[in-house]
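Let's take a friendly walk through this protein, looking at how some of its helices pack. Keep the viewer open as you read.

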Amino acid sequence: MSGRALPRVVIAAPASGHGKTTVATGLIAAFTERGDTVSPHKVGPDYIDPGYHALAAGRPGRNLDPFLVGEERIGPLFAHGARGADLAIVEGVMGMFDGAAGRGGYASTAHVARLLAAPVILVVDARAQSRSVAALVRGFAAFEPGVGVAGVILNRVGPDRHEVMLREALDEIGMPVLGVLRRHDAIAKPARHLGLVPVAERHADAVRTVAALGELIARSVDLAAVRRLAASAGPLTDAVWDPVRETAVGSDVAGSEAGAKARCETDPVGGRPRIAIAGGSAFTFAYAETAELLTAAGAEVVTVDPLRDERLPAGTAGLVVGGGFPEVYAAELSANASLRADVVALAARGGPIAAECAGLLYLARSLDGAPMCGVLDADARMTERLTLGYREATAVRDSVLARAGRVVRGHEFHRTTLTPRAGRDAAWSLGETGLEGHVQGSVHASYLHAHWAGTPDLARRFARACADADPTRGPNAPGGRARSGRALAAGADDPSAGTNTDTRDGVTLG
């Protein structure tokens with residue numbers, strides 16, 4: 001079935017904690033168990049929930065965030081991720097109308113549902129209410145024109161009498177009840193300081209959790225009614241997102257002199273430079289489109305696990321180290337001295353390195369006192385303070401990622417601090433909040449998480465910098481078999497690795 005005509009439904013809630021992830025993951029698992037190919041999606045800049053979605057679906061979980069990629073790309077990215085699927089389940093974020101602070105619901109669940117012309121199922125925690133549930137649901141259904149709540153799944157429902165009262169109230173307003181989950185149905189999902197524990201860190205337990213969620217939803221929800229509702233979604237007219245086309249168009253071309261130089265960068269890179277992307281349990285925060293864009297730009301993309309692999313893959317020309325939980329694995333990362341030495345050598349010979357958040361900490365001199373790579377003259381430590389929010393950043397100077405003046409939208413999500421926050425050459429200007437990040441030779445390191453599908457010129461520029469780098473010097477010269485690293489075919493990576501909780505739950509982004 002074409003992605004444009006794909007049956008689809010959005011799972012929303014009045015607020016965080018009502019059970020969106022339980023329902024969405026359970027629906028994905030239940031439909032997959034019945035033989036459907038399900039395309040899983042998540043609203044917002046979250047990394048962990050899509051890992052559970054991916055485990056349930058057997059294909060990568062993908063994010064849909066208008067703030068990060070632009071609302072014009074939501075439909076195309078959805079269609080790209082949903083190729084070959086029979087059904088799409090889209091989990092929302094926070095409350096249904098909560099989005100970027102001060103932007104009137106922009107990047108909210110409702111915003112994405114409207115862009116996808118998708119019906120909404122509202123998951124409601126009903127444990128402390130009876131007839132009032134109807135007022136709540138009616139308010140959400142009527143609040144914003146063009147966004148339709150077409151059914152409700154009730155969560156944490158008490159005895160049979162409680163269910164009867166809830167159903168009677170919702171029947172008064174003509175709202176279908178598609179399922180009921182009891183209070184005793186809760187399934188434990190381990191969490192810590194930044195949300196759920198990622199799939200890659202508890203794979204066997206996560207498999208059991210996802211299977212249990214699928215069984216719970218199968219016996220508690222009318223799957224046939226959900227499928228009919230999803231099929232009521234109208235056709236989408238967006239062109240399918242194409243990473244090859246995205247990396248071939250110079251979105252950063254501006255002005256005559258700068259434009260001439262930038263147009264040179266739109267040519268496919270030669271030599272298929274090998275770019276390693278950090279993965280494994282310590283570095284699980286990544287968008288699937290990053291590897292796809294780098295591959296489309298002409299690179300060979302492989303993975304390296306800093307917890308297990310003692311060397312960078314042979315012939316590594318560049319390295320991408322995304323987000324994750326290095327603070328949890330600081331001792332193990334520090335103990336892998338041979339890989340840290342390879343990273344230092346790569347940076348010393350001019351090999352491009354792009355690091356985000358956890359990657360920034362890994363490149364620092366130390367993390368909570370444990371020696372890290374020492375590429376950056378900075379030290380990191382855990383704090384009690386959560387730094388979380390959308391950011392609009394301007395590149396301070398030319399780097400392997402962006403030209404000076406390039407504006408990039410991203411988000412921060414961490415409980416750590418780096419001293420100094422910015423290097424002598426900062427990576428970004430964040431406006432009123434000042435300078436942030438480090439640009440040092442061929443290294444670009446920052447707390448900012450960027451979705452490269454929204455700024456594909458970052459992938460193109462980085463791939464070209466890797467092609468221009470000389471990987472024949474140093475310990476990992478090509479010509480032999482790679483000592484570590486697993487090739488990633490675009491869109492065919494391990495669906496539970498490098499994927500994406502509701503990182504924004506309970507917090508307004510600003």
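## Helices α1 and α2

In this predicted model, a good place to start is the pairing of helix α1 (residues 20–33) with helix α2 (residues 49–57): they pack at an angle of about 20 degrees, and their axes are 8 Å apart. Angles under 35 degrees count as roughly parallel, so α1 is roughly parallel to α2. The crossing of these two helices is right-handed.

If you would like to pick out the contact on screen, select T21, A24, T25, I28, A29 and T32 on the α1 side. Their partners in α2 are D49, Y52, H53, A56 and A57. Sorted by class, the residues of this contact are six nonpolar, four polar and one charged.

## Helices α1 and α9

How does α1 sit against helix α9 (residues 223–231), and how far apart are their axes? The two pack at an angle of about 100 degrees, with the axes 12 Å apart. Angles of 65 to 115 degrees count as roughly perpendicular, which is why α1 is described as roughly perpendicular to α9.

Here α1 contributes L27, A30 and F31, while α9 brings L223, V226 and R227. The contact of α1 with α9 has five nonpolar residues, one charged residue and no polar ones.

## Two covered helices

Now back to α2, to see how much of the helix is hidden. Eight of the nine residues in α2 are buried, leaving the helix mostly covered. Those buried residues are D49, P50, G51, Y52, H53, A54, A56 and A57. After α2 comes G58, which has a positive phi, near 75 degrees.

Helix α12 (residues 288–296) is also worth a look: seven of its nine residues are buried, so α12 is largely enclosed by the rest of the structure. The buried set in α12 consists of A288, E289, T290, A291, E292, L293 and L294. Just after α12, G298 adopts a positive phi of about 115 degrees.

## The whole chain

Stepping back, the protein chain contains 16 helices and 23 strands. Of its 510 residues, 61% are buried.

What is the accessible surface of the protein chain, and what share of that surface belongs to carbon and sulfur atoms? The surface comes to about 18400 Å², and carbon and sulfur atoms account for 51% of that area.

Key:
Residues numbered from 1 in each chain as written. Predicted model: local features only at pLDDT ≥ 70, side-chain atom pairs only at ≥ 80, totals over all residues. Heavy atoms only, no water. Helix = DSSP H or I, 4+ residues; strand = E, 2+ residues; numbered from the N terminus. Buried < 20%, exposed > 50% of the residue type's maximum accessible area, 1.4 Å probe, protein only. Areas by Shrake-Rupley, 256 points an atom, 1.4 Å probe, with all protein chains shown as cover. Axes fitted to C-alpha atoms, helices over the stretch in contact; angles between N-to-C directions. Parallel < 35°, antiparallel > 145°, perpendicular 65-115°, else oblique. Left-handed = near helix turned anticlockwise from the far one by under 90°. Contact = heavy atoms within 4.5 Å. Nonpolar A, V, L, I, M, F, W, Y, C, P; charged D, E, K, R; others polar.
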